[in-house]
Amino acid sequence: MKNISFFAVGILFGIVMTKSEAISWYRIQEMFRFESFHMYGIIGTAVIFSALIIWAMKKFKMRTLSGTAVSYTPMKLSLPRHLLAGSIFGLGWALVGCCPGPMYVLLGQGYWIIGLVIVGALLGTFTYGQMRQRLPH
Amino acid sequence: MELISQPQGFLAFLSQPWHWAASGAGIALVVFLLTWMGRSFGVSTSFKAICAAAGAGKRNEFFNINLKDEFWRIAFVLGGVVGGFIGAHLLTSPEPVAISQSTVEYLASVGVDYPGSDAQNLGFVPTSVFNFGSLKGLLMALAGGFLVGFGARYGDGCTSGHAISGLAHLQLPSLITVIGFFIGGLFMAHLVLPWLLAL
């Protein structure tokens, strides 16, 4: 089954998130207080390496396993939408100290309270779906 | 004579906290693998997929998606759960997360002891604040999750989709979204959270 390979990449992701300490509520507070370079180092390195990899994949016309070219569907630029959505997300991120990826990872570590955070995230997702026509996009 | 209690060799090497550059490279490896496998790195869409699986598509066409296209993402996040277990319990760091002294002092000033506030002593989640026995903690967990879920869907992506994938594809909308993450995050971390913790 193909999904097994995605499961395996997920395991790698969970280990990287844990050992990088990016899942730590304390690291997130430290980041937003500018008291350590750690999180900026992680995100910066990840972006630079990923950008180089994607640039190289496009440059050398590397095909994906499904035979397609490496591409990205750009979003329509909307300043109010991106700023508002980003700010709402940021409020939650700094409060619970974890973004969606780390939520799953922390659950695996036995922090069961994060299950409630995920319930909240599902409610938030559903609420957006219900009121999206009334929001600036 | 000293007793050797720590695991030795490669496992011990992996069990140390990773340098930020190694961590960033690890994330980039995940981005590469997912891109090579014909997908893109994005975690928050799994929330939409779970809503759809729970039947939200019957009430709202936004959730009317082909679930088969999302199986890979569910497999990926379930892998994340297992990876978290391995990372924390089989590759346990010898010490709790080494946050900076000034953060420790700030946390103490708002009543959060470090690392004592994490019952697992890993330095990951302040369970003294977020636990099932505290109404305030329950509400904070639920509200924080709600904001993350709502904001991620409204902005069509979270840290993985925008801050990593989007920036790596040099997307301006992603950069603006990341600026938003910091507007909201700084406001919460500096103004709201200290007040909430002191309540």
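**Reading burial and interfaces, starting from one tyrosine**

Reader: Let's start with one side chain. Why does B:Tyr106 count as buried?

Author: The general idea is a cut-off: a residue is buried when its relative accessible area is under 20%. B:Tyr106 has 9% relative accessibility, so it counts as buried. Keep in mind that we're looking at a predicted model.

Reader: Okay. Where in chain B is B:Tyr106 found?

Author: B:Tyr106 belongs to helix α5 of chain B, which covers residues 101-109.

Reader: And which residues is B:Tyr106 in contact with, leaving aside its neighbours in sequence?

Author: Once you set aside everything within four places in sequence, B:Tyr106 is in contact with B:Ala189, B:Pro194 and, from the other chain, A:Arg33. Take B:Pro194: along the chain, 88 residues separate it from B:Tyr106, yet their C-alpha atoms are 9.4 Å apart.

Reader: How do I read that for chain B in general? What share of its contacts join residues at least 24 apart?

Author: Count the contacts between residues at least 6 apart in sequence, then ask what part of them reaches further. In chain B, 54% of those contacts join residues at least 24 apart. As for burial, 54% of the 199 residues of chain B count as buried.

Reader: What secondary structure does chain B have?

Author: Eight helices and zero strands, so to speak a plain α-α-α-α-α-α-α-α when you read along the sequence. The C-alpha trace of chain B spans about 65 × 45 × 35 Å along its principal axes.

Reader: On to the interface with chain A. How do I judge the area buried between the two chains?

Author: Interface size is often given as the accessible area lost when the parts come together. Between chain B and chain A that area is about 10,600 Å², with carbon and sulfur atoms giving 77%. On the chain B side, B:Trp20, B:Phe124 and B:Tyr154 lose the most area to chain A, together 8% of what that side buries. In residues, 128 from chain B are in contact with 110 from chain A.

Reader: How many salt bridges and polar contacts are there between the chains?

Author: The count is one salt bridge. A:Arg132 pairs with B:Glu61, and their closest N and O atoms are 3.5 Å apart. Polar contacts across this interface come to 30 residue pairs.

Reader: Which element gives the largest share of the side of chain B that touches chain A?

Author: α8(B), with 19 residues. By class, the side of chain B that touches chain A has 77 nonpolar, 44 polar and seven charged residues.

Reader: Can the approach be turned on a single chain? Into which domains is chain A divided?

Author: Domain 1 is 1-74 and domain 2 is 75-137. Their C-alpha centres lie 19 Å apart, and the contact takes 14 residues from domain 1 of chain A and 12 residues from domain 2 of chain A.

Reader: What area is buried between the two domains of chain A?

Author: About 950 Å², and carbon and sulfur atoms give 68% of that. The rule finds zero salt bridges between these domains, along with three residue pairs in polar contact. On the domain 1 side, the elements giving two or more residues are α1 (2-20) and α2 (25-32) of chain A. α2(A) gives the most, with five residues. By class, that side has nine nonpolar, five polar and no charged residues.

Definitions and conventions:
Residues are numbered from 1 along each chain as its sequence is written. Chains are lettered from A and ligands numbered from 1 in the order in which they are written. This is a predicted model: local features need pLDDT of at least 70, side-chain atom pairs count only at pLDDT 80 or more; totals for chains, interfaces and linings use all residues. Side-chain values use heavy atoms; hydrogens and water are left out. Domain bounds come from an automatic or database domain assignment. Contact means heavy atoms within 4.5 Å. Buried area is the accessible area (1.4 Å probe) that two parts lose on being put together, summed over both. A salt bridge is a side-chain nitrogen of Lys or Arg within 4 Å of a carboxyl oxygen of Asp or Glu. A polar contact is a pair of N or O atoms within 3.5 Å; within protein, one must be able to donate a hydrogen and the other to accept it, and residues adjacent in sequence count only if both atoms are side-chain atoms. Helices (H or I, at least four residues) and strands (E, at least two) are DSSP runs, numbered from the N terminus. Ala, Val, Leu, Ile, Met, Phe, Trp, Tyr, Cys and Pro count as nonpolar, Asp, Glu, Lys and Arg as charged, and the others, Gly among them, as polar. Buried means under 20% relative accessible area, exposed over 50%, partly exposed in between (1.4 Å probe, protein chains only).
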